[in-house]
Amino acid sequence: MDAFTTHTGTALPLRRSNVDTDQIIPAVYLKRVTKTGFEDGLFAAWRKDPDFVLNQPQYAGATIIVPGPDFGTGSSREHAVWALQNYGFRVVIGARFGDIFRSNAGKAGLLVARIDQKIVDELWDYVEEHPQAPITVDLEARTIVADGFETDFEIDDYTRWRLLEGLDDIGLTLRQVDAVEAYEGRRPAFKPATLPERTAPVG
Amino acid sequence: MGRTLSEKVWDDHVVRSSEGEPDLLYIDLHLVHEVTSPQAFDGLRQAGRPVRRPDLTLATEDHNTPTLNIDQPIADPVSRTQVDTLRRNAAEFGVRIHSLGDLDQGIVHIIGPQLGLTQPGMTIVCGDSHTSTHGAFGSIAFGIGTSEVEHVLATQTLPQSKPKTMAVNVDGELPPGVTAKDIVLALIAKVGTGGGQGYVVEYRGSAIEALSMEGRMTICNMSIEWGAKAGLMAPDEKTFAYLQGRPHAPTGADWDAAVAYWSTLKSDQDAVFDVEVDLDATQLTPFVTWGTNPGQGVPLGASVPDPEVFAEPSDRTAATKALEYMALTAGTPMREIAVDTVFLGSCTNGRIEDLRAAAAVIQGHHVADSVRMLVVPGSARVRLQAESEGLDVVFKEAGAEWRAAGCSMCLGMNPDQLAPGERSASTSNRNFEGRQGKGGRTHLVSPLVAAATAVRGTLSSPADLDRSDALVGADQR
Ligand code: SF4
């Protein structure tokens with residue numbers, strides 16, 4: 001994973017709440033076995049509408065998306081994160097997020113910055129007035145800064161540290177393999193195993 | 001101070017904890033399916049890592065699998081690629097797999113309990129948000145993303161921050177014809193789709209204790225629909241009875257040791273939850289959704305709400321958009337809404353008890369001419385069990401289609417989809433826009449309401465068929 005320190009880009013205001021991961025990328029687009037190429041599925045149903053914000057020329061090239069509360073709820077599909085990244089987004093700014101989406105984003109290197117809905121409202125107004133204004137998201141300082149707009153954002157310390165360092169979670173855990181083995185040594189014997197395979201008779 | 005059930009299970013799985021970092025949790029069971037795993041196996045391959053514990057891992061094919069002609073190759077080439085990829089990965093990494101056509105194949109959340117692999121006091125994960133289903137046995141079970149799937153495959157652990165705790169107390173006796181599904185739909189309408197975010201929820205109270213294991217699974221299944229990290233229930237005699245004799249349930253001395261441990265798995269009297277929510281079971285009625293998220297629901301006897309009644313501006317906007325998408329007018333009685341399709345199945349309501357309850361309602365009736373009804377058992381064994389009881393004949397004689405097991409129209413990755421503009425009454429868990437097919441409109445319902453709706457062609461309860469005798473205790477054995 002690439003390290004994330006700061007990012008500067010323009011923003012896309014998505015004035016909708018409860019945008020679940022089925023809306024971010026519908027199930028029919030999930031059939032690839034790679035992590036790329038999902039940009040076609042991003043907001044697939046809404047994109048057919050020429051008025052949909054993603055189709056509005058003033059927001060072309062936006063790399064920061066600002067949705068309403070409860071973004072990324074529903075299905076666990078990490079494809080939602082990949083679709084946003086494949087399309088070019090690096091940062092999501094909002095008030096509330098689905099837990100699994102937020103965790104997936106952290107693993108995949110998409111920054112999820114949390115701010116109050118009141119400030120989201122202000123940011124929406126700001127971006128709609130200045131669609132091409134560059135906005136800088138500074139993970140080190142936890143700030144979002146533009147010309148005439150400034151706020152702090154929230155992110156948990158651990159995710160922030162991993163993003164800043166660009167650390168691979170699996171590599172980190174494998175350093176703890178002794179602790180894992182010790183735990184395995186004290187697991188109760190009655191815990192089930194999938195192997196050897198057992199099955200019930202028919203009927 | 002005492003500990004809650006979820007804290008006990010959590011504490012028993014901490015491999016390592018360190019100030020300022022998430023706990024490293026050991027995972028007892030990792031379930032895998034074809035949609036969220038290919039990129040994870042690929043990651044292992046690229047890094048040259050093995051699956052650490054194939055013996056704690058189980059794969060099945062469910063999301064893409066067809067429910068007709070299952071003895072033939074999957075027609076859709078992309079679906080076939082995904083399923084073939086899972087088969088190759090399972091073979092390469094030594095993971096047990098239940099493929100289409102296999103006796104133990106089925107929806108991942110149905111086969112875990114069915115095989116006796118889902119037991120109290122475990123940590124269970126799967127690249128699927130409805131993993132919360134397994135919480136009905138007193139386990140911490142939650143959905144994870146593909147990066148985490150890879151993490152668990154490689155390490156059998158997951159770094160996790162300890163969630164907050166919530167109790168949902170459901171007390172009192174459910175009125176006849178009101179089921180577990182109605183409890184959870186009413187709950188989500190009350191607390192909102194984000195109400196559980198950051199919490200592990202313990203469902204408790206006399207109404208929960210009265211439910212069968214199947215009913216309990218229905219409620220835990222939908223925990224994610226109100227944003228909870230996981231939902232669980234204290235195991236009891238019903239839990240133990242359900243497990244005893246299943247293929248992977250412990251036996252002999254192991255059984256005794258397991259039951260002794262399982263019996264400790266309840267929240268202490270003096271345990272304190274961060275939040276408690278109460279729901280009065282005696283006041284519940286059959287519940288149905290009118291909108292495009294599971295929180296947009298009302299009692300079946302109510303009408304489509306006016307968006308203006310919502311206090312929050314974002315809820316008003318969401319309701320207006322939902323009504324537009326659903327092609328509904330505020331004030332229309334829910335009972336007057338006509339559907340084209342009824343879907344009985346999914347990991348929410350695709351278990352044998354659900355099929356029995358629906359069959360009891362539909363027996364002696366016929367599916368309305370304007371309606372197609374799809375009955376999709378949650379697993380191959382549920383299908384066989386139903387057939388041995390003659391339920392397939394009841395459904396077929398009533399004019400319903402009897403299918404093979406899988407996720408099917410719950411998410412429409414296989415050919416079972418709604419056409420644009422079509423409307424369904426569905427026993428699944430998500431009424432999101434396009435979930436069951438592009439432009440499709442979904443009303444979430446219980447199996448009893450699904451069956452009655454199929455007969456009358458409009459959203460209905462069994463009482464509307466004047467067959468109220470069929471439904472007493474349907475979810476409460
Ligand atoms: S039945 Fe539906 S909700 Fe359940 S696992 Fe399958 S797609 Fe997911």
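Here are three short exercises, with worked solutions, on a predicted model of chains A and B.

**Exercise 1. Work out how the two domains of chain B meet.**

Start with the bounds: domain 1 runs over 5-276 and domain 2 over 287-472. Their centres, taken over C-alpha atoms, sit 24 Å apart. Next, count who takes part: 43 residues of domain 1 of chain B and 44 residues of domain 2 of chain B make up the contact. Putting these two domains together buries about 3,400 Å², and carbon and sulfur atoms give 61% of that.

Now look at the polar side. Between the two domains there are 2 salt bridges and 24 residue pairs in polar contact. For a salt bridge to look up in the viewer, try the side chains of B:E225 and B:R430, at 2.9 Å from N to O. On the domain 1 side, helices 3 (77-93), 4 (108-114), 6 (180-191) and 8 (213-221) of chain B each give two or more residues. Helix 6 of chain B has the largest share there, with 6 residues.

**Exercise 2. Describe the interface between chain A and chain B, going from its extent to its salt bridges.**

First, the extent: 65 residues of chain A touch 86 residues of chain B. The two chains bury about 5,900 Å² between them, 54% of it on carbon and sulfur atoms. Within chain A, the residues losing the most area to chain B are A:K31, A:F190 and A:T194, which together account for 13% of what that side buries.

Then the polar links: the chains share 9 salt bridges and 41 residue pairs in polar contact. A:E184 and B:R53, for instance, pair up through their side chains at 3.1 Å, N to O. Several helices of chain A supply at least two residues each to this side, including helix 3 (79-87), helix 4 (99-108) and helix 8 (177-186). The largest share, 7 residues, comes from helix 8 of chain A.

**Exercise 3. Find the largest nonpolar core and explain why it lies between the domains of chain B.**

Step one is membership: this core has 111 residues, and those touching the most other members are A:F43, A:F71, A:L84, A:I93, A:F101, B:M373 and B:F395. Step two is the reason: domain 1 and domain 2 of chain B both contribute residues, so the core lies between them. Step three is a close look at one member. Beyond its neighbours within four places in sequence, B:M373 contacts residues including B:V342, B:L344, B:I362, B:F395 and B:A454.

Finally, don't mix this up with another core lying apart from it, which has 74 residues, among them B:L86, B:A136, B:I183 and B:A186.

Technical notes: Residues numbered from 1 in each chain as written. Chains lettered and ligands numbered in written order. Predicted model: local features only at pLDDT ≥ 70, side-chain atom pairs only at ≥ 80, totals over all residues. Heavy atoms only, no water. Core = buried A, V, L, I, M, F, W, Y, C linked by side-chain atoms within 4.5 Å. Buried < 20%, exposed > 50% of the residue type's maximum accessible area, 1.4 Å probe, protein only. Domains from an automatic or database assignment. Contact = heavy atoms within 4.5 Å. Buried area = accessible area lost by both parts, 1.4 Å probe. Salt bridge = Lys/Arg side-chain N within 4 Å of Asp/Glu carboxyl O. Polar contact = N/O pair within 3.5 Å; in protein donor to acceptor, adjacent residues only side chain to side chain. Helix = DSSP H or I, 4+ residues; strand = E, 2+ residues; numbered from the N terminus.
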